[in-house]
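Let's take a walk through this model, starting in the middle and working outwards. Have the structure open and follow along.

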Amino acid sequence: MKDHFWRVDGLQEIIEEKMAKCADRDDAEAKTTVLIVEPNKKPYIKAIGVDEGSIYCVLEGPAEGRTLYGTGAEIVFNRFGKTLGLPACRALLNSKGEADDVIAGTFIITGVNEYGEYISLNKEQIEIFSNLFDNPICCWRYSLGFDDEY
């Protein structure tokens, strides 16, 4: 990430400090199968820890999630992705097919149980979301159950 993209005083130092700890993370923790979507790449499956620290390392920053209603899944992205100037990853389209939001930086899609805990995606979810996010411009909010205002 380039310094001129940082728009929040001190945020760069905080994220760099936390990212330095990513290399030291314990690989023995429980893993969950998620779909990772990076800018200009096809989605891929990876087993990761779903604790806050592990997700932070994948997203290169603090996480924010949005439920993909009716799918048993959640999209989790870097809360400050746009502020930090991360590259655009995927556009979200409204019901008219117009892009009205963009996810900046890498994001993950994970399964969610009835308690809101992250769980592994099943094969059907992996196939659906791999196809949906295969194209850099994708997904109508209504097809995913989003409201116009969230």
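Is strand β4 (residues 73-78) largely enclosed by the rest of the structure or open, and why? The strand is largely enclosed, because 6 of its 6 residues are buried, where buried means under 20% relative accessible area and exposed over 50%, with partly exposed in between (1.4 Å probe, protein chains only). Strands and helices here are DSSP runs (E, at least two residues; H or I, at least four), numbered from the N terminus. Before going on, note that this is a predicted model: local features need pLDDT of at least 70, side-chain atom pairs count only at pLDDT 80 or more, and totals for chains, interfaces and linings use all residues. Residues are numbered from 1 along each chain as its sequence is written, and side-chain values use heavy atoms, leaving out hydrogens and water.

Now look at who β4 pairs with (pairing takes at least two DSSP bridges between two strands). Strand β3 (residues 63-68) runs antiparallel to β4, joined by 6 bridges, and Thr-67 has Glu-74 as its bridge partner. The hairpin of these two strands has 4 residues in between, and there Gly-70 takes a positive phi near 80 degrees. Strand β7 (residues 107-112) is also antiparallel to β4, with 5 bridges; here Phe-77 stands opposite Phe-107.

Phe-107 leads us to the largest nonpolar core, a set of 15 residues. Such a core is made of buried Ala, Val, Leu, Ile, Met, Phe, Trp, Tyr and Cys residues joined through side-chain atoms within 4.5 Å. Ile-75, Phe-107, Ile-109, Phe-129 and Phe-133 have the most contacts inside it. β1 (32-37), β4, β5 (88-93), β7 and α3 (123-132) each give two or more residues, and β4 supplies the largest share, 3 residues.

What about α3? Its buried residues are Gln-125, Ile-126 and Phe-129. They cover an arc of only 100 degrees (taken from the directions from the helix axis to the C-beta atoms), so they sit on the same side of α3. The face turned away from that buried side carries exposed Lys-123, Glu-124, Glu-127 and Asn-131.

Finally, go back to β4 for Asn-78. This residue counts as buried because its relative accessibility is 2%. A polar atom of its side chain lies 3.1 Å from the backbone oxygen of Glu-60. Among the residues that Asn-78 touches (heavy atoms within 4.5 Å) are Leu-59, Pro-62, Leu-84 and Thr-106.

Conventions
Polar contact = N/O pair within 3.5 Å; in protein donor to acceptor, adjacent residues only side chain to side chain. Lists of a residue's contacts leave out its neighbours within four places in sequence.
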